[in-house]
Amino acid sequence: MRSSIVVGLQWGDEGKGKIIDAIAGSFDYVVRWNGGNNAGHTVVVDGKKFPLSLVPSGVLQRKKLLIAQGVVINPAVLLAEIAMLEAAGYRVDLMIDPRCHIVMPYHRAMDTASEIWKGKDATGSLRLGIGYCYEDRNNRAGIRLEFLLRPTLLKDKLEKIFPLKRAIIEKGYGVKTDFTIETMLAEYVAYGKKLKKYIGDVSALVTHKLDTHSFLFEQAHGTMLDPVFGTYPFTVAPPTIASAVFPSVGIAAAKLPVIGVTKAYTTRVGNGPFPTELLDAVGDTMRKNGNEFGTVSKRPRRCGWLDLPALRYAVRINGVTHLAITKLDVLSGLNLLKVCTGYRYHGKILREFPAQISQLPECKPVYETFAGWSKDIGHIKKRNNLPKEARRYLSYGERELGVPIRYISNGAERKALIRS
Ligand code: GDP
C-alpha cells in the first residue's frame, strides 16, 4: 500500500480512528502528527472500546507507531494510555520525536482561567492546556520532550518561564496556583525517565524509509478546526490540513494520496458557526443513534445535515483523492434526508464555504431532499447491497464532490466497513 494521509473533512469526530484501525493492516507505520490529548478517537474491536487520545490508532493492529513533532504531549495521559493498552495485551511499539512539546500544569491552569474569564464568549476549550502549550512553542517559551531528560536545563527553563506564568494566572486571572518549580521538576523529570526509551528522530526515520515502507499519517481534529482555514476563531491551535503533515513530521513535501473522512451527516462539538445545524427532533435522533457525545469531553455533539459547500472546500484544501464515509448506519430510519448543496448569500448561490468567515452568518443553506431507508444496514458488506436510497445518497455526494468513495463505514466495529 502507498503511504497515505487520513484527514477529517468536518469539525473532528468523523471516525478517523475507526477508518485508520480498519485499514492500518496494510501499512507498516501509523504516524500521529498534530494535536494533543484533547483529540480523542474511539476504536472498537470485538465489542471492546478503546478510547485513544495520543497513541496512534494503529496500535490495535499491532503496527509500528510514531508520534511526530507536531503533537504536544501530556506525559501523564500518554503513560496511562500505554499502560491501558499493555494491560489489554497490546505491545506499544512507539517512537516519539524529541522535538515534541510538553503540556505543563501552568498551561492547563491558564486554559481553565481564561475560559472562565471569557464567560459566554468562551472558545469551548476542554481546558487541557493544549492551545497554551502551542502558544509557548511558537513564542519560544516551550518545554520540549528532550528537556525532561536534563534536570538542570529543565530547572533553568522553568525559572525563566514560570514566574511570568504564575503572575498572569494569579494576578491577571485571580486564580491561585497549587504547583511550584520544585513540584514540577520532580514530576516531569520522573516522566522523562519513563519516556526516554521511546525517544527517537521521527523526522529522520520517515525521510529515510518513505520510499521503501508505507506510512499512514493520522490527523487529529478536522479541517474545519484548522487555525487558518477553519471557522476561526472557533478553531484549534495546530494546523490540521493534509499538507501540514510535511512540516509537522519533518519531511520534504511529496504527492501522497489523501483519504478524506466525513460522516454521512455533520456534527460539531463546542461553540462556533454550524450552518446546517438541526435544533429539532431529527438532530436529537442523530445524536442518540450516532452516540454523538465526545470521547474525551463526553459533551453532546451538535448534529446537522451533510454540508456540501463545507465538504467541497475541505476536499480542495486537502487535495482529497478518496473519500471514506462513516456512520451511514446512523441515518437508517429517517424518512427524509436533506443535503445542503449551496449557501444563499445576498441573492447568489455559493458552492463553497466562504473565504470570509464573517459572511457565514448571512449564508442560508439550500437543501436537496432525498428519500431515506428504514432497514438496518449494519451487516451489509457490499455497496451494491445497500438500499437503493442509500446508494443514491452516496452517489450524489460522490458526484458533487468529484472524488470517489473508497470506504463506507456502517458500524463502529472494525469489521463494519464496505470497500467500494
Ligand atoms: P475521530 O476522532 O475522528 O476518530 O472520531 P471519534 O472517535 O471521536 O468519534 C467517532 C465515533 O463514532 C466513535 O465512537 C466511533 O466508535 C464511532 N463510529 C465510527 N464509525 C462509525 C460508523 O460507521 N457507525 C457508527 N454507528 N459508529 C461509528
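Begin the tour by selecting helix 5 (residues 151-172), where Lys160 and Asp156 sit four residues apart and are therefore separated by about one helical turn. In this predicted model, Lys160 forms a salt bridge with Asp156, and the closest N and O atoms of the pair are 3.0 Å apart. If you colour the two residues by accessibility, Lys160 appears as exposed, with a relative accessible area of 62%, whereas Asp156 counts as partly exposed at 34%.

Next, select Arg316 and Glu352, whose side chains meet in a salt bridge with an N to O distance of 2.9 Å. Arg316 belongs to helix 10 (residues 308-318), while Glu352 is found in the loop between strand 16 (348-350) and strand 17 (364-371), so this pair ties together parts that are 36 residues apart in sequence. Of the two partners, Arg316 is exposed at 51% relative accessibility, and Glu352 is partly exposed with a relative accessible area of 26%.

Stay with that loop and add Arg351 and Glu400 to the selection, since the side chains of these residues also deserve a look: they meet in a salt bridge at 3.6 Å, N to O. Glu400 lies in helix 11 (residues 388-401) and Arg351 in the loop between strand 16 and strand 17, so here the parts tied together are 49 residues apart in sequence. Glu400 is partly exposed, its relative accessible area being 23%.

For a wider view of the charged side chains, select Asp13, Lys263, Glu292, Arg301 and Lys327 together, which are linked in a network of salt bridges. A search of the whole structure finds 24 salt bridges.

Now colour the chain by domain, with domain 1 covering 4-88 + 203-419 and domain 2 covering 101-194. The C-alpha centres of domain 1 and domain 2 lie 30 Å apart, and at the interface 22 residues of domain 1 are in contact with 18 residues of domain 2. Between them the two domains bury about 1600 Å², of which 64% is on carbon and sulfur atoms. What does the rule find across this interface in the way of salt bridges? The count across the interface of domain 1 and domain 2 is zero, although four residue pairs in polar contact are found there, both residues being at pLDDT 80 or more.

To finish, select strand 6 (72-73) and helix 2 (75-87), each of which supplies at least two residues of the side of domain 1 that touches domain 2. The largest share of that side, three residues, comes from helix 2. Sorted by class, the side of domain 1 that touches domain 2 has 11 nonpolar, 10 polar and one charged residues.

Terms used
Residues are numbered from 1 along each chain as its sequence is written. This is a predicted model: local features need pLDDT of at least 70, side-chain atom pairs count only at pLDDT 80 or more; totals for chains, interfaces and linings use all residues. Side-chain values use heavy atoms; hydrogens and water are left out. Domain bounds come from an automatic or database domain assignment. Contact means heavy atoms within 4.5 Å. Buried area is the accessible area (1.4 Å probe) that two parts lose on being put together, summed over both. A salt bridge is a side-chain nitrogen of Lys or Arg within 4 Å of a carboxyl oxygen of Asp or Glu. A polar contact is a pair of N or O atoms within 3.5 Å; within protein, one must be able to donate a hydrogen and the other to accept it, and residues adjacent in sequence count only if both atoms are side-chain atoms. Ala, Val, Leu, Ile, Met, Phe, Trp, Tyr, Cys and Pro count as nonpolar, Asp, Glu, Lys and Arg as charged, and the others, Gly among them, as polar. Buried means under 20% relative accessible area, exposed over 50%, partly exposed in between (1.4 Å probe, protein chains only).
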